[in-house]
Amino acid sequence: MSKTTTSDETAAAPGEGDLGAAGSQLSTAPAESLASVPGLGVVGWARWFWRQLTSMRVALLLLLLVALGAIPGSLIPQTGQDATKVADFTKAHPTLAPVYEKLGLFHVYSSVWFSAVYILLFVSLIGCIVPRTWQFVGQLRSRPPGAPKRLTRLPAYTTWRTEAEPEQVREAALALLKKRRFRAHLAGDAVSAEKGYLREVGNLAFHIALIVMLVAFAWGQLFKSEGNKLLVEGNGFSNTLISYDDFKSGNLFGVDDLNPFSFSLDEFKGTYETTGPNKGTARTFQAAVTYSVGAYGKDRKDLIKVNHPLEIDNSKVYLTAHGYAPVITVRDGKGNVVFDDAVPLLPLDSNVTSSGVIKVLDGYTNAKGVTEQLGISAFFLPTYTTGSETASTFPALNNPVLNLAPYHGDLGVNSGIPQSVYQMDKTHMKEFKDSKGAQLRENLKPGETMTLPDGAGTVTYEGTKQWANFQITQQPGSGSALTGATAAIFGLAASLFIQRRRVWVRAVKGADGVTVVEMAGLGRSESAKVPEELGDLAAILYDQAPGAPEDPDTPEPEVVPAEGAEK
């Protein structure tokens, strides 16, 4: 039995012109041709443009442009995500900001240039996939091509002589190849077989998955919604537009698309490491909530944890932050309660040292009977330690202390200028003075009261509640995008690791009446797998049709093609 040879051992590399149909493309990729000047006229230019747009080179270039276009969308503040940061950037860069605005860099994903690249990529992929799909279907419906005249010119080749009849060899080869999951059939004096169609299936699946991902991403951007709501323990939220602290949505999202549900924060619980190098590090954050779906839905209990959101229809409720809300009671000089509520304060560090403002807008009159507004700067330490009066030493409520500094006057909330609830405009506010003429400031523990001078009233620190911030999102298309990404990975793996190849087995009578068996293989690309696989197949077939004894006086047999074989 002769050895299996590779392309380095053959006289010349096989070309498609030498092999005919047997050497036709082993993929659905369009045949490359030299670029030519398009014919004159609109039709010629349109045909040339379409061929360029649907080429793989242009598709890869458009993918690169989409990736590059996403970079400024990640580095530059976006209007749809945080308009405040955009305003701050504009104020800090008065020269650069107008240029960014004209280029659409503050709204990259809805800009004209990004949309144009996105749509061109979409059209390019469709124009590339449709003809390849039809071509692949045609290949599946057709049989593998017949054997070429000279099998010796193929990259992998072996031959031997046997006393078995040609028909027996061909039948054994046909059964062997089918057992190895080749698509095989008899074609004249040879058996033609082909394998590795999953490579093209993976290739097409990869491109189709890209389209699915593009559509899902566009759908999600157009119909998405995202909002935040801060809730103090005991308070609730209804999924309506006016209930959000801030809200943003896609261009095609409507208020009617909000899912009807509501929930309330029953209790927030956080635990922390108490010893060791990780002291103060959070161990658990969880919010116990009661929720209902629809106007008359039954109340249900659930726990929302970090990265474990509450899912209601296609809405997800994430736990994103937490803090403390001291319960404050303010009375005027006559003892009337003018404010009684929990006031959320913003954390400043990992130990939840917090600050904020208590604003009494209505109902307060001073000792002279004049209507005023109160603003009280608040600084809160969950764990107060002597010697560390400016920062908490632990995030839990081990020794809470609330530092208050009251002001009176006009808070400016009726000026029409938006204000942060966590900051105070002191332009028209006056400090309360203590007996020494210094600004009044006191540290209070739960249950303690600060008395305002000159009979102006009292401020009582009743206790502490906790608050949690929730992000409510609707992101349609996320499931489709995940499916597309998964399919793209498997499709790409199939197209990279599966090789499409063809095998031919020819058995004919030589001039001396002894059967000459030839086997050859051809792959889409140079690979050691084709010679190895051909060698395995030849070894099995050789066992079924063993070689004939060599006669040194017998001349080299001439292969005589059977009638109907390719010449």
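**Notes on two sheets and three helices**

1. Let's start with a hairpin-like question of pairing: how do strand β21 and strand β22 pair, and over how many bridges? Strand β21 (residues 501-509) runs antiparallel to strand β22 (residues 515-523), and the two are joined by 9 bridges. If you want one spot to look at, Val503 sits opposite Gly521 of β22. Keep in mind that this is a predicted model.

2. Those two strands belong to an open, antiparallel sheet of 5 strands, ordered β1-β22-β21-β3-β2. At its edges you'll find β1 (156-162) and β2 (183-187), each pairing on one side only. Neighbouring strands here are turned by 15° against each other on average, ignoring direction.

3. What packs on this sheet? Helix α7 (residues 166-179) does, and it touches β1, β2, β3 (190-195), β21 and β22. The direction of α7 makes about 165° with that of β21.

4. Now the other sheet. This one is open as well, with 4 strands in the order β5-β7-β8-β9 and antiparallel pairing. β5 (236-238) and β9 (300-305) are the edge strands; each has a single partner strand, so one side of each has no neighbour in the sheet. From one strand to the next, the twist averages 30°.

5. Zooming in on that β5 edge: β5 pairs with strand β7 (residues 261-272) in the antiparallel sense, over 3 bridges. For a residue to click on, take Ser238, whose bridge partner in β7 is Ser262.

6. On to helix α8 (residues 198-223). How far does α8 reach from its first C-alpha to its last? The answer is 36 Å for 26 residues, close to the 38 Å expected at 1.5 Å a residue.

7. Plenty to check along α8 if you colour by accessibility: the buried residues include Arg199, Glu200, Asn203 and His207, along with Leu204, Leu210, Ile211 and Leu214. Gly202, Ala209, Ala216 and Gly220 are buried too. As for what they sit against, the buried residues of α8 pack against α3 (56-75), α6 (112-141) and α9.

8. Last stop, α9 (residues 478-497), the helix that holds Thr483. Is Thr483 buried or exposed? Thr483 has a relative accessible area of 55%, and the cut-off for exposed is over 50%, so Thr483 counts as exposed. The C-alpha atoms of Thr483 and Met213 are separated by 8.3 Å, although the two residues lie 270 residues apart along the chain.

Conventions. Residues numbered from 1 in each chain as written. Predicted model: local features only at pLDDT ≥ 70, side-chain atom pairs only at ≥ 80, totals over all residues. Heavy atoms only, no water. Pairing = 2+ DSSP bridges. Axes fitted to C-alpha atoms, helices over the stretch in contact; angles between N-to-C directions. Contact = heavy atoms within 4.5 Å. Buried < 20%, exposed > 50% of the residue type's maximum accessible area, 1.4 Å probe, protein only. Expected span 1.5 Å × (residues − 1).
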